[in-house]
Amino acid sequence: MTTSRERRPEADEARDATVAGLEQENAQLRHAVDSHAIVDQAIGVLVAIHRLPPADGFEVLREVSQHTNIKLHTIANDVISWALGQPLPKPVGEKLDAAVRRRPHRGEASGQPG
């Protein structure tokens, strides 16, 4: 009986496939974390500028994304750039203004002055 400490080709292929799958999953998770951070920053912009609760800030971004057919993280990037002095793309700006106007201002829902 012969024993060999060399790896079999099938084991190498299986290992390579597992590593490739894990690398792809890692890249997807990193992208998701980065996108989430950008969305959170854009929510912060809307909270600060329009005095919206964070949940409403997210709903505004989601609504603008749906009505413009632009991905949420792209809308979030546009809002962050706008906060840094760049103009908003026209359709994004129009939909953003409309979505913000549909939200009660801080204090209106609770009866307190805004």
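A residue counts as buried when its relative accessible area is under 20%. Keep that cut-off at hand for the exercises below, which walk through a predicted model.

**Exercise 1. Get an overview of the chain.**
Task: Find how many helices and strands the chain has, and what share of its residues is buried.

Solution:
- Step 1. Start with the secondary structure: there are four helices and zero strands. Along the sequence this reads α-α-α-α.
- Step 2. Turn to burial. The chain has 114 residues, and 25% of them count as buried.
- Step 3. Look at the surface, where about 8300 Å² is exposed, with 53% of it supplied by carbon and sulfur atoms.
- Step 4. Finish with the contacts. Among those with a separation of 6 or more, 52% join residues 24 or more positions apart.

**Exercise 2. Check the length of α1 and α4.**
Task: Work out whether the span of α1 and of α4 agrees or disagrees with 1.5 Å a residue.

Solution:
- Step 1. The expected span is 1.5 Å times one less than the number of residues.
- Step 2. α1 has 42 residues, so it should span 62 Å; its end C-alpha atoms lie 61 Å apart, which agrees.
- Step 3. α4 covers residues 90-101, twelve in number, so 16 Å is expected; the distance between its end C-alpha atoms is 17 Å, and this agrees too.

**Exercise 3. Find the buried side of α3.**
Task: List the buried residues of α3 and say which helices they pack against.

Solution:
- Step 1. Applying the cut-off to α3 gives I75, A76, D78, V79 and I80 as buried.
- Step 2. These buried residues pack against α1, α2 and α4.
- Step 3. Now step past the end of the helix: just after α3, G85 has a positive phi of about 105 degrees. A positive phi also turns up just after α1, where R51 takes about 55 degrees.

**Exercise 4. Describe how α3 meets α2 and α1.**
Task: Decide whether α2 and α3 are roughly parallel or roughly perpendicular, then treat α1 and α3 in turn.

Solution:
- Step 1. The axes of α2 and α3 come within 9 Å and cross at roughly 115 degrees.
- Step 2. Angles of 65 to 115 degrees count as roughly perpendicular, so α2 and α3 are roughly perpendicular to each other. Their crossing is right-handed.
- Step 3. On the α2 side the meeting residues are F58, L61, R62, V64, S65 and T68, and on the α3 side L72, I75 and V79.
- Step 4. For α1 and α3, the axes come within 8 Å and cross at roughly 50 degrees. That makes α1 oblique to α3.
- Step 5. This crossing is left-handed. Residues making the contact include V39, A42 and L46 of α1, with A76, V79 and I80 among those from α3.

**Exercise 5. Place E63.**
Task: Say whether E63 is buried or exposed, and what it touches.

Solution:
- Step 1. Locate the residue first: E63 lies in α2.
- Step 2. The relative accessible area of E63 is 11%, which is under 20%, so E63 is buried.
- Step 3. Setting aside neighbours within four places in sequence, the contacts of E63 are A99, R102 and R103.
- Step 4. Follow one of those partners: A99 belongs to the buried residues of α4, together with V92, G93, L96, A98 and V100. The cover over the buried residues of α4 includes α1, α2 and α3.

Terms used: Residues numbered from 1 in each chain as written. Predicted model: local features only at pLDDT ≥ 70, side-chain atom pairs only at ≥ 80, totals over all residues. Heavy atoms only, no water. Helix = DSSP H or I, 4+ residues; strand = E, 2+ residues; numbered from the N terminus. Buried < 20%, exposed > 50% of the residue type's maximum accessible area, 1.4 Å probe, protein only. Contact = heavy atoms within 4.5 Å. Areas by Shrake-Rupley, 256 points an atom, 1.4 Å probe, with all protein chains shown as cover. Axes fitted to C-alpha atoms, helices over the stretch in contact; angles between N-to-C directions. Parallel < 35°, antiparallel > 145°, perpendicular 65-115°, else oblique. Left-handed = near helix turned anticlockwise from the far one by under 90°.
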